[in-house]
Number of protein chains: 2
Amino acid sequence: MLDMFFNPQSVAVIGASREPEKLGYGVLHNIVQYGYQGAIYPINPKADEILGLPAYPSILDTPGDVELAVIVVPGKFVPGVLRECGQKGVRGVVIISAGFRETGTAGLKAEHELMSIAREYDMRIIGPNCLGIIDTVCSLNASFAAGMPVPGEIAFMSQSGALCTAILDWAVATSMGFSRFVSFGNKADVSEVDLLQAWGEDDHTKVIIAYLEAITDGELFLKTARRVTHQKPIIAIKSGTTSAGSKAVSSHTGSLAGSEQAYETAFRQCGVIRANSVQELFDLSVAFVNQPPLQGNRVVIVTNAGGPGIMATDALEVAGLQLASLARETVDTLREYLPPAANFYNPVDVLGDSLADRYGQALDTVLQDANVDGAVVILTPQAMTQIVETARVIGQIAPRCGKPVVSCFMGQERVSEAYPTLREAHIPNYGFPEHAINALGALYQYQEWLSRPEPEILRFKVDPERAHRAIETARDDHRLTLGEMEAREVIAAYGIPVPNSRLAESSDQAVQLANEIGYPVVMKIISPDILHKSDVGGVKVGMINAAEVRDAFDLIMYRARRFMPDADIWGISVQQMVPQGKELIIGVNRDPQFGPLIMFGMGGIYVEVLKDVTFRLAPLSRLDADEMIREIRTYRLLRGVRGEPPVDFKSIIEVLLRVSQLVTDFPEIVELDINPLMALEDRAMAVDMRMVVEARKEYRCQYCGEIFDVDPIRRGKLIYCSAACAFEATRLEACDNLAGGIRP
Amino acid sequence: MLDMFFNPQSVAVIGASREPEKLGYGVLHNIVQYGYQGAIYPINPKADEILGLPAYPSILDTPGDVELAVIVVPGKFVPGVLRECGQKGVRGVVIISAGFRETGTAGLKAEHELMSIAREYDMRIIGPNCLGIIDTVCSLNASFAAGMPVPGEIAFMSQSGALCTAILDWAVATSMGFSRFVSFGNKADVSEVDLLQAWGEDDHTKVIIAYLEAITDGELFLKTARRVTHQKPIIAIKSGTTSAGSKAVSSHTGSLAGSEQAYETAFRQCGVIRANSVQELFDLSVAFVNQPPLQGNRVVIVTNAGGPGIMATDALEVAGLQLASLARETVDTLREYLPPAANFYNPVDVLGDSLADRYGQALDTVLQDANVDGAVVILTPQAMTQIVETARVIGQIAPRCGKPVVSCFMGQERVSEAYPTLREAHIPNYGFPEHAINALGALYQYQEWLSRPEPEILRFKVDPERAHRAIETARDDHRLTLGEMEAREVIAAYGIPVPNSRLAESSDQAVQLANEIGYPVVMKIISPDILHKSDVGGVKVGMINAAEVRDAFDLIMYRARRFMPDADIWGISVQQMVPQGKELIIGVNRDPQFGPLIMFGMGGIYVEVLKDVTFRLAPLSRLDADEMIREIRTYRLLRGVRGEPPVDFKSIIEVLLRVSQLVTDFPEIVELDINPLMALEDRAMAVDMRMVVEARKEYRCQYCGEIFDVDPIRRGKLIYCSAACAFEATRLEACDNLAGGIRP
């Protein structure tokens, strides 16, 4: 996939220049200098030859086929040369030129024009507004970056071209190897998802790393990433996370930053490892690319210094790892080799005067221990320390055991002599113990992800037709916040237990219903015009006999009429009173990028004051629901404290799964709160709920002009009622002159 | 202070060697090589000359006075040469030799011997078991470390000698400057507190940094650090923080690691800035040493790349900083200088093609804005970026404004060219935006510390005599957990409101007392033998009249007699019933290193399940108490939710302060729990409490053998009943042959 970018037979540089300070020179120079083996065609109407290569006035004049074109001309000329690329039969185009979406509405329109040209000729585009691409597999540096990384197995994509320059500068200095290196700019066409797909199948890439600011299609990203993470690790920085950061994203790229919570949840649910900084991105990727998996979380530390050993130990807990307990035989063997003052337990202290051989004996011994899953070797440059020799010994021993080994050679002036040796031996080295441990933590986190069972999405037998009717009734009335009776109807249609509740229009009927339902009962005014029932005295609880029901009916009705004389009153609901249990809350919010985000927590002050809630994106598996319940801080309250019985966890899980099914089936539900969900010893019941649905959308076809309300055919931002109209529009190239779009 | 170490007129190296692989050679070589200007005396009985200097068989043979001696002989010879140092009149001794406390009990005893020799001759000791000391002010490198840092204004102390070697290696490579550099090893004499005191007054030191594993005298550390942090910042790593890490500390140094909570609180209360890693230690210290204070928390970011600008913005919140809102005039001025595609708001994006002058114009403009307290300049090495020239421009502009400016030149290969320029201009440079922002955050944190009002410790008028009597009564009985009546007595003696409560021995008396106290009342069995009153049916609540009191008395008495026929029953307490309010908890635990650690939080499930508590070390100021209440997560509940009235904060603060006074006055109180402290609208009342006191200590004088229980005179681990005995013991040098010590 995307071979036109990663293994092209020939490359044209449109806008190639003879002036070294121009980008068009830089790109061509990089292609030539770093040894690309295919045909290279500089395109420049004013030059005959550039950098020793014959130049052509237009891509149409080149003698051979062109598979990839790199465009470096000013923005306004891009559509023209792009069309020529199409006519020439070019398959992939990297548009470095800026002046599109990032500049505002006019630029966005120009970008749409590029996309319709690309679609017409079936070309793929990377960019516009990017640094270009670098590929060490086919030795192609089609960018204006300074320098070329050494070949390696890390593929990097970045939404920020400038960050690419910094990372490249770092990579060159530290000989960090890359397979592919893509700055995708405005991602008019090729997005993070396309690159994930391509690199997921790429034999030259072992680890995928990414710098992302906003994700274009959240649901597709989730699906793709979930698949790819089962083949190779994906490590990503998502910036714009805090509220202040999000503002910067918007002003920078004009793209909508999804809420931090949704991103955090999404990454977790698709196994993407999140790095919090560029440093961490590097730290983790060198561990993944060089070392085998960490199969368990038991780590051994071998050190020639007590202090750093303690620091490493301190860092274990945060990284989700633990100090391995060495087997008795291991300790006995260490006792034979090491001097008596050494520490034979973990962290193993080989002492400050340790030479390379003592390090080697200790490391070899502990790695053979079945209680050890991985190791960190710490070295401080003391008087007698054999720095390079120790690196060599680690490199010899580590690969034998099949367990990951990382090193932490602390310092710089003297210890840097060992860097090349460590690099050749594929031992990731870190300057500080915390970073080494953090990298091992990520290896373990990835392994845990791989061992998670395939999520199984249960489908309950429900009554979607009944839910649909309730929603549509409200929409017919243009009520987007559903009344209690309607929301209850939707919830009940999905098999979520709700209290028995009926509508009474007279006090006689109320008594009759209460007799049927059983006492005590709760009574509430039902009117589409009265949203805050308590405020008008419209709720009475705990009626225990017919007389009380009759009194309550009259009282509620009197008050409602007095406070809101014009309200359309449907009657008074008579409802089974639910016993007091643990009050939970289940909420759903539709995230613009990732779809329904489900929240779970304890209700009341726990959610209001303590914000003790957890999130998952729908659809939920049983394991997801189970984990949600366990990970709130007040989980222990649900298990029962001070002799209370536990709540019925199975019922809560089922409610979560049914809610998940409901909001997956009905994308028009944009908000849903069940608050409280009363959790009892033997069941869980949705006592109060509120639901907001989206207004029906109406679209106007941008080709035939007809108004319709089914899902439209989309071409970029353009909308058509049918595939036929979309085809015609594209064919006539008339589409962007037509007015319209979504009509609110 | 400690001038014998930091400015000695002459140095002897005892154990100086001619063999280059020996430490005794390394130390002498370092002293000679790095240009120490005083007299240098190698001491070695088997050599006439070492490194061109005449050698002497013993320090007693040296021709001139010796101010400082460095001892590198094997452990067993140390006492002998140390005594000779004393006889020679040496003032300071650095003992590099190992084989003392770190090896176990025999080593500890040997270390005590060193100390008694040192006291006899009034010498100060650094070590034993250390790397030595380095001083760039007098160009003395009296260590066996490889390399010498450049002069600078950072003083570093470390409990780990190995860590010193790593830091030195790093410092040499990056030209980070130090004034003093001390590895204090076992700190038999000179401890972190001595060094803080000395460096607090040291004109050559602007920032003190430390690596600590355990603190010797917590209360003295607090007092000293609180004073020194008002003169210059102290930044410290305290390792052994997590439970796993603490184990490593114990096995490493045999020193007792204080609980993480106590350290965290202690550092906070004395203004010590805590670094979580060596990297952070470096990052923060270069900011403090090179830049002026950050007077507010409003930061401007100037960048040539959007992505890193977002990362920096993201990092602000965590660091306690905020994005400065630029004044309108600033934005207008930027608009004049910068190209239209730039971002004129914060983060200011000067665009990827920015040359040095554009950076300069932007930086100069934003630094003049009164809404800006400090700046980060981010640079990515793009095609046209003038890396060194930009560094130069930043260095010219930054000092003019009196506000801190740090840089983040991202990358390595190309950007490292700018490092020397930035260093000369005193611009701290960071490889990653998060680190730059974190450093500014620390500058701000320190400024906030400086602006805190001097803590004012209120002393209430209380009745310590009454509290003393209650405690001693229990101690007389060998009861260390005080009974409810006694604990209440102690609490009440310190003016903390408790419910009115009286002891009744008959049902008639109980009725009479209840009539006096007022109904309803609570009644509880009172017996030193019954700790869990509820378990024997010994508590009844809510008696509302005389008849109920009479019934309750008989019932409680009957049950107590039946369940515990042998119990010594004192009677039944009749107690005023406290209305339901917010249940709080105040707890005290005596930390072995820092003294009474006071805990505050919401009681019940909030403390049990949510652990929603906060800590301070006694004594508390009013500000401390006020902050404690505000920083628990459930603070909002105390202010009242859903229309409830707020609790009486003044009363809660007063209880906290009175508890602080109590546990400060009575060090024998090792545990105290008031649970619940019932917080009401108009008062707070201690309803239940428990208290544990220390057994009385009995000592045996190690000179005269007498048993006594007043505070002993201590000499190291040795104990005397009087100064006279201590003097005699020292004089006779017989002290360590005497048996004894603390008798439990």
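This is a short walk through a two-chain model, from the single chain to the pairing and then to some local details.

The model is predicted, so local features are given only where pLDDT is at least 70, side-chain atom pairs count only at pLDDT 80 or more, and totals for chains, interfaces and linings use all residues. Residues are numbered from 1 along each chain as its sequence is written, while chains are lettered from A and ligands numbered from 1 in the order in which they are written.

Let us begin with chain A. Its C-alpha atoms fill a box of roughly 95 × 80 × 40 Å along the principal axes. The chain has 25 helices and 34 strands; these are DSSP runs numbered from the N terminus, with helices being H or I of at least four residues and strands E of at least two. Of its 744 residues, 53% count as buried, a label that needs 20 or more other C-beta atoms within 10 Å of a residue's own, against 12 or fewer for exposed and partly exposed in between, with C-beta atoms placed from the backbone. Among contacts in chain A with a separation of 6 or more, 70% join residues 24 or more positions apart; a contact means that two C-beta atoms, placed from the backbone, lie within 7 Å.

Now bring in the second copy. A rotation of 180 degrees, with 0.1 Å of shift along its axis, lays chain B on chain A with an RMSD of 0.1 Å; the fit is by least squares on C-alpha atoms of residues with pLDDT of at least 70 in both copies. The two copies are thus related as by a two-fold rotation axis. Both copies use the same surface, as 100% of the contact residues of chain B recur in chain A. In chain B, the residue that comes closest to the rotation axis is Leu610(B), with its C-alpha at 4.7 Å.

Each side brings 73 residues to the contact: 73 from chain B and 73 from chain A. Elements of chain B that give two or more residues to its side include helix H2 (23–33), helix H5 (161–174), helix H10 (278–290) and strand S16 (322–323). H11(B) gives the most, with 10 residues. By residue type, the side of chain B divides into 33 nonpolar, 30 polar and 10 charged; here Ala, Val, Leu, Ile, Met, Phe, Trp, Tyr, Cys and Pro are nonpolar, Asp, Glu, Lys and Arg are charged, and the others, Gly among them, are polar.

Turning to the interior, the largest nonpolar core has 443 residues, and those touching the most other members are Ile71(A), Val376(A), Leu440(A), Ile71(B), Val376(B) and Leu440(B). Such a core is a set of buried Ala, Val, Leu, Ile, Met, Phe, Trp, Tyr and Cys residues joined through C-beta atoms within 7 Å. Beyond its neighbours within four places in sequence, Val376(B) is in contact with residues including Val299(B), Ile301(B), Ala312(B) and Leu440(B).

Finally, some backbone details in loops. The peptide bond from Tyr519(A) to Pro520(A) is cis, with omega near -5 degrees, and Pro520(A) lies between helix H19 (507–517) and strand S21 (521–526) of chain A. Lys187(A), not a glycine, has a positive phi near 40 degrees and counts as buried, with 25 C-beta neighbours inside 10 Å. Asp122(B) also has a positive phi, about 55 degrees, but counts as exposed, with 9 C-beta neighbours inside 10 Å.
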